[in-house]
Amino acid sequence: MKAIVVTDEAAGTAGMTLAERPEPPAAINDVVVEVHASGFVPTELTWPSTWTDRLGRDRTPSVPGHELAGVVTTVGYGTTGVSVGQRVFGLTDWHRDGTLAEYVAMEARNLAPLPGDVDFTVGASLPISGLTAWQGLFEHGRLQAGQSVLVHGAAGAVGSMVTQLAREAGAHVIGTGRAADRQKALGFGAMEFVDLEGDALEDAGGVDLVFDVIGGDVQRRSAALVRPGGTLVSVVGPVEARPADGLAVDFVVESDRAQLGEIVRRVRDGRLRTNIGDVASLDDAVAAFNPTGRRKGKTIISVRP
Ligand SMILES: NC(=O)c1ccc[n+]([C@@H]2O[C@H](COP(=O)([O-])OP(=O)(O)OC[C@H]3O[C@@H](n4cnc5c(N)ncnc54)[C@H](OP(=O)(O)O)[C@@H]3O)[C@@H](O)[C@H]2O)c1
């Protein structure tokens with residue numbers, strides 16, 4: 001099968017190549033999915049799990065990409081919950097070969113049904129950004145209606161989902177980002193916008209929840225804005241700053257079939273909009289992941305157009 005592989009950590013996305021790889025077999029509780037569309041997070045090539053297995057052994061050449069939408073072709077021994085021919089979408093294991101390939105083997109529990117009226121391209125754009133937003137807001141951030149949320153990178157893949165879900169949940173949403181992202185963030189439902197390069201972040205005032213996708217100085221300054229009893233949630237590694245009288249949580253997104261169902265239900269009924277930028281074929285994937293200009297949204301690879 002055709003797949004994008006990486007072998008050189010230092011090369012980043014420039015080191016991606018299109019290669020021929022064996023089709024993966026289905027292990028116990030696995031399915032093999034014929035990938036129709038695949039999503040990729042640009043920072044993936046800095047994650048240790050892209051390069052090593054759970055024992056820290058080199059697993060290159062590895063296939064990146066952890067989001068997919070496709071059709072189940074094989075069901076492994078003991079696998080329940082999905083069947084051959086079913087349309088599915090989901091999130092693959094960090095330590096296994098991923099979805100920038102014609103086929104992927106993964107645990108069935110990491111998949112949810114993809115309704116027939118939702119495009120594969122849309123399905124592949126949802127798992128990481130949608131689940132990260134859901135888990136950060138409702139599990140780790142314990143967001144309640146009427147609270148205020150500072151959403152960093154509100155025009156980005158995760159931030160646009162956070163903004164929409166927080167608004168739907170009845171929160172007051174303050175988005176941040178670069179000056180050029182103001183209208184996009186407001187379009188996703190942010191009620192105010194802070195240009196991190198031009199405005200004073202401190203003018204956002206006190207908030208109940210900070211959802212951080214940036215880290216560093218932005219995170220340190222944001223921690224000071226968290227009201228007593230509030231929470232700072234980070235998805236960019238261990239928290240670097242704690243609110244004086246609140247919680248700080250960092251987490252890595254996990255697959256969850258019920259939450260994937262909630263997310264796709266909102267896409268179908270119009271409550272949630274995707275943030276898809278370029279859509280490219282597998283043959284053009286390397287070029288798509290090495291754009292000359294700024295990315296306009298999430299890049300999706302249409303493996304079977
Ligand atoms: N822990 C987890 O489970 C988890 C899950 C998903 C994502 N993540 C991480 O979350 C981060 C965001 O992912 P994403 O897919 O949402 O990326 P993305 O689509 O690139 O969104 C990030 C947004 O924040 C903006 N931004 C970044 N730094 C900024 C700064 N200093 N000032 C103003 N705006 C800034 C970006 O603008 P530019 O494009 O101009 O930089 C972009 O609009 C990544 O580091 C990713 O690895 C973690």
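Hello everyone, and thanks for coming. Let's start with the overall layout: the domain assignment splits this chain into domain 1, covering 2-126 plus 274-302, and domain 2, covering 129-250. Please keep in mind that this is a predicted model. The C-alpha centres of the two domains, domain 1 and domain 2, are 28 Å apart. Where they touch, domain 1 supplies 4 residues and domain 2 supplies 5 residues. If you look at the domain 1 side of that contact, you'll find 2 nonpolar residues, 1 polar and 1 charged.

Now let's move to the ligand. Which residues come nearest to the ligand? There are 22 residues around the ligand, and the nearest are Thr 43, Gly 153, Gly 156, Ala 157 and Val 158. Two elements give two or more residues to this shell, namely α2, residues 127-140, and α3, residues 157-168. Of the elements, α3 gives the most, with 3 residues. And which domain do the shell residues come from? Both take part, as at least three residues are drawn from each of domain 1 and domain 2. By class, the shell around the ligand holds 13 nonpolar, 6 polar and 3 charged residues.

Since α2 and α3 both came up there, let's see how these helices sit together. Their axes are 8 Å apart, and α2 and α3 pack at an angle of about 50 degrees. That angle is why α2 and α3 count as oblique to each other. The crossing of α2 past α3 is right-handed. On the α2 side, the residues in this contact are Ser 129, Gly 130, Thr 132, Ala 133, Trp 134, Gly 136 and Leu 137. Facing them from α3 are Ala 157, Val 158, Met 161, Val 162, Leu 165 and Ala 166. You may recognise Ala 157 and Val 158 from a moment ago, as they are among the residues that come nearest to the ligand. By class, the contact of α2 with α3 has 9 nonpolar and 4 polar residues, and no charged ones.

Helix α2 has another partner to show you, which is α6, residues 257-268. Here the packing angle is about 105 degrees, and the axes of α2 and α6 are 10 Å apart. So α2 and α6 are roughly perpendicular to each other. Pro 127, Gly 130, Leu 131 and Trp 134 of α2 make this contact with Gln 259, Leu 260 and Ile 263 of α6. In the contact of α2 with α6 there are 5 nonpolar residues, 2 polar and no charged. Gly 130 and Trp 134 of α2 are worth finding on your screens, since they appear in the contact with α3 and also in the contact with α6.

Before I finish, here are two details of the backbone. Most residues other than glycine have a negative phi, and most peptide bonds are trans. Where does this model have a cis peptide bond? It joins Thr 60 and Pro 61, with omega at about 0 degrees. Pro 61 is in the loop that runs between β3, residues 30-39, and β4, residues 67-75. The other detail is Asn 29, whose phi is positive, near 70 degrees, although this residue is not a glycine. You'll find Asn 29 in the loop between β2, residues 17-20, and β3.

Thanks for listening!

Definitions and conventions:
Residues numbered from 1 in each chain as written. Predicted model: local features only at pLDDT ≥ 70, side-chain atom pairs only at ≥ 80, totals over all residues. Domains from an automatic or database assignment. Contact = placed C-beta atoms within 7 Å. Nonpolar A, V, L, I, M, F, W, Y, C, P; charged D, E, K, R; others polar. Near = placed C-beta within 6 Å. Helix = DSSP H or I, 4+ residues; strand = E, 2+ residues; numbered from the N terminus. Axes fitted to C-alpha atoms, helices over the stretch in contact; angles between N-to-C directions. Parallel < 35°, antiparallel > 145°, perpendicular 65-115°, else oblique. Left-handed = near helix turned anticlockwise from the far one by under 90°.
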